Amino acid sequence: MDKKYFAELIEKHSDTLYRCAVSYCNNKQDAEDIVQEVFVKCMKKNPSFTDDSHEKAWLIRATINLCKDLQKTYWKRNVSELTEDIVDDSEDNKNLYYLISQLPLKYRIVIQLHYQEGYKIKEIAEILHKKESTVGNQLARGKALLKKMYEEGM
């Protein structure tokens, strides 16, 4: 893989992959490790992409797969994690991120991909290998649950 292309790939997609990994893992250090591992995997496999959206979708899918693999490990299943301050931003963003992080994973990931990454339901369905109706339902239920949690916190 061309070094210049790989450097551009990292520059272009590392923030997106990091946000996906943090959303999935709820842990900064694990997210950083996973993003590194995704780029190493990409460099080793050297896949050919048809366009930028295919490239981004492949990287996100690889990130999600590695996050799932991490969650299956003995360590993750048997060790409780300390709560950490994941977002270094305004208080409102911290509160919103905290609420999102409390959602079940199936809602958290679709909300993150839709609102933060700007994917349409059809694109999310392709990335997650789910039906569009399933993604649409998860998005609606996640939003409703998030709204309920927000109102209860007020």
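**Exercise 1. Determine whether Phe 6 and Phe 39 are buried or exposed, and characterise their ring pair.**

Solution. Phe 6 and Phe 39 are both buried in this predicted model. The next step is the ring geometry: the ring centres of Phe 6 and Phe 39 lie 6.2 Å apart, and the ring planes stand at 90 degrees. Ring centres within 6.5 Å make a pair, and planes over 60 degrees apart count as edge-to-face. The pair of Phe 6 and Phe 39 is therefore edge-to-face. Finally, the position in the chain: Phe 6 belongs to helix 1 and Phe 39 to helix 2, so that the pair links distant parts of the chain, 33 residues apart.

**Exercise 2. State how many aromatic pairs the whole structure holds, and analyse the pair of Phe 49 and Trp 58.**

Solution. A search of the whole structure yields two aromatic pairs. For Phe 49 and Trp 58, the ring centres are 5.8 Å apart and the planes meet at 65 degrees, so this pair is edge-to-face. Accessibility is then assigned to each residue. Phe 49 has a relative accessible area of 17% and is buried, because buried means under 20%. Trp 58, at 22% relative accessibility, counts as partly exposed.

**Exercise 3. Describe how helix 1 and helix 2 pack, and which residues meet.**

Solution. Helix 1 spans residues 3-25 and helix 2 residues 28-45; the two pack at an angle of about 140 degrees, with axes 8 Å apart. That angle makes helix 1 oblique to helix 2, because only angles over 145 degrees count as roughly antiparallel. The crossing of helix 1 past helix 2 is right-handed.

The contacting residues are next:

- From helix 1: Phe 6, Leu 9, Ile 10, His 13, Ser 14, Leu 17, Tyr 18, Ala 21, Val 22 and Cys 25.
- From helix 2: Lys 28, Asp 30, Ala 31, Glu 32, Ile 34, Val 35, Val 38, Phe 39, Cys 42 and Met 43.

Sorted by class, this contact comprises 15 nonpolar, two polar and three charged residues.

**Exercise 4. Summarise the chain: what is its secondary structure, and what share of its residues is buried?**

Solution. The secondary structure consists of eight helices and zero strands. Along the sequence, the pattern reads α-α-α-α-α-α-α-α. Of the 154 residues in the chain, 37% are buried. For the contacts, consider those between residues at least 6 apart in sequence: 69% of them join residues at least 24 apart.

Notes
Residues are numbered from 1 along each chain as its sequence is written. This is a predicted model: local features need pLDDT of at least 70, side-chain atom pairs count only at pLDDT 80 or more; totals for chains, interfaces and linings use all residues. Side-chain values use heavy atoms; hydrogens and water are left out. Axes are lines fitted to C-alpha atoms, for helices over the stretch in contact, and angles run from 0 to 180 degrees between N-to-C directions. Helices (H or I, at least four residues) and strands (E, at least two) are DSSP runs, numbered from the N terminus. Angles under 35 degrees count as roughly parallel, over 145 as roughly antiparallel, 65 to 115 as roughly perpendicular and the rest as oblique. A crossing is left-handed if the near helix is turned anticlockwise from the far one by less than a right angle, and right-handed if clockwise. Contact means heavy atoms within 4.5 Å. Ala, Val, Leu, Ile, Met, Phe, Trp, Tyr, Cys and Pro count as nonpolar, Asp, Glu, Lys and Arg as charged, and the others, Gly among them, as polar. Rings of Phe, Tyr and Trp (its six-membered ring) pair if their centres lie within 6.5 Å; planes under 30 degrees apart count as stacked, over 60 as edge-to-face and the rest as tilted. Buried means under 20% relative accessible area, exposed over 50%, partly exposed in between (1.4 Å probe, protein chains only).
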